[in-house]
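Student: Got a minute to go through this one with me? I'd like to start from a single residue and work outwards.

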Amino acid sequence: MFTENHVTTISARYIPIAVEIANATCGDDITKRSWGSAVLAATYRGMCNACQLASPKSALLGCPLLLQLWSWERFSIGRLDVTGDHANPKQELFDLEHIDLPTFATIWTCNKRRFAHDQVRSCFPSFNEQFDVLHSEAVVWEPYTQHAIDVRYPGGMSMVCMRDYTYWMTKSKIIFDVCVEEMAQQRVMRQFGARQLVVPLPTKDPLPPIVHMYVQFYNL
């Protein structure tokens with residue numbers, strides 16, 4: 001969830017959390033943490049930093065898989081081919097408590113994937129060309145509708161996906177370790193089924209640039 005470029009080492013800040021989880025005998029032994037907002041904050045910071053890097057060995061940190069899943073749900077280009085007989089996950093994922101049911105990511109991470117027969121040598125220029133000619137009607141603007149859920153997973157989805165829906169429109173800052181980022185829902189209102197303005201409203205109480213550069217430890 002929190003990729004870094006330390007190769008064979010990890011940051012010491014993760015060790016106490018890992019020990020707590022490993023030693024827990026039940027769910028109540030683990031401190032409740034906002035993992036979703038933490039992953040989002042780390043990914044936002046990773047994207048901010050990646051946009052300013054020029055080295056050929058530069059990497060996108062945070063949670064690149066989250067960014068990929070976001071893209072695959074909306075764009076028909078540059079994504080895995082999971083169509084055909086393997087379009088739906090196996091039924092053994094279903095459970096009575098609706099916790100281990102599939103999520104929207106299940107179809108991309110657990111199904112059999114097909115490899116393209118036609119490959120290009122320079123992927124980045126090729127993707128740029130495909131995005132340039134991508135029509136707006138080819139974009140899935142509302143991927144999380146009830147109809148989309150019923151079509152993909154007739155048996156339902158994990159209750160964890162919708163458990164915190166009341167916080168989706170929060171305007172609080174999201175924090176993880178040195179990462180303090182804005183929640184800018186006004187830029188993606190259409191995916192929530194709301195009206196999307198062509199020119200989104202500015203963020204209220206914007207994060208000061210100096211705060212965005214803070215190097216300070218924060219707990220989840």
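Student: Is Val188 buried, partly exposed or exposed?
Tutor: Keep in mind that this is a predicted model. Val188 has a relative accessibility of 31%. Buried would need a value under 20% and exposed one over 50%, so Val188 counts as partly exposed.

Student: Where along the chain is Val188 found?
Tutor: Look at the elements on either side. Strand E2 covers 179-181 and helix H7 covers 209-212. Val188 sits in the loop between E2 and H7.

Student: What is the area of the nonpolar surface patch that has Val188 in it?
Tutor: A residue needs over 30% relative accessible area to join a patch, and Val188 is at 31%. Its partners are Met162, Tyr165, Trp168, Met169 and Phe192. Together they make a patch of about 540 Å².

Student: And how much of the protein's exposed area comes from carbon and sulfur atoms?
Tutor: The protein exposes about 16,100 Å². The share from carbon and sulfur is 59%.

Student: Now the inside: what share of the residues is buried?
Tutor: The protein has 220 residues, and the cut-off for buried is under 20% relative accessible area. The buried share comes to 24%.

Student: Which helices help cover the buried residues of H3?
Tutor: H3 spans residues 64-74, and its buried residues are Leu69, Ser71, Trp72, Glu73 and Arg74. What covers them includes helix H4 (106-109) and helix H6 (146-152).

Student: In what order do the elements run from the N terminus?
Tutor: There are seven helices and two strands to place. The order is α-α-α-α-α-α-β-β-α.

Notes
Residues numbered from 1 in each chain as written. Predicted model: local features only at pLDDT ≥ 70, side-chain atom pairs only at ≥ 80, totals over all residues. Heavy atoms only, no water. Buried < 20%, exposed > 50% of the residue type's maximum accessible area, 1.4 Å probe, protein only. Helix = DSSP H or I, 4+ residues; strand = E, 2+ residues; numbered from the N terminus. Contact = heavy atoms within 4.5 Å. Areas by Shrake-Rupley, 256 points an atom, 1.4 Å probe, with all protein chains shown as cover. Patch = residues over 30% accessible without salt bridge, like charges linked within 9 Å, V, L, I, M, F, W, Y side chains within 5 Å. Salt bridge = Lys/Arg side-chain N within 4 Å of Asp/Glu carboxyl O.
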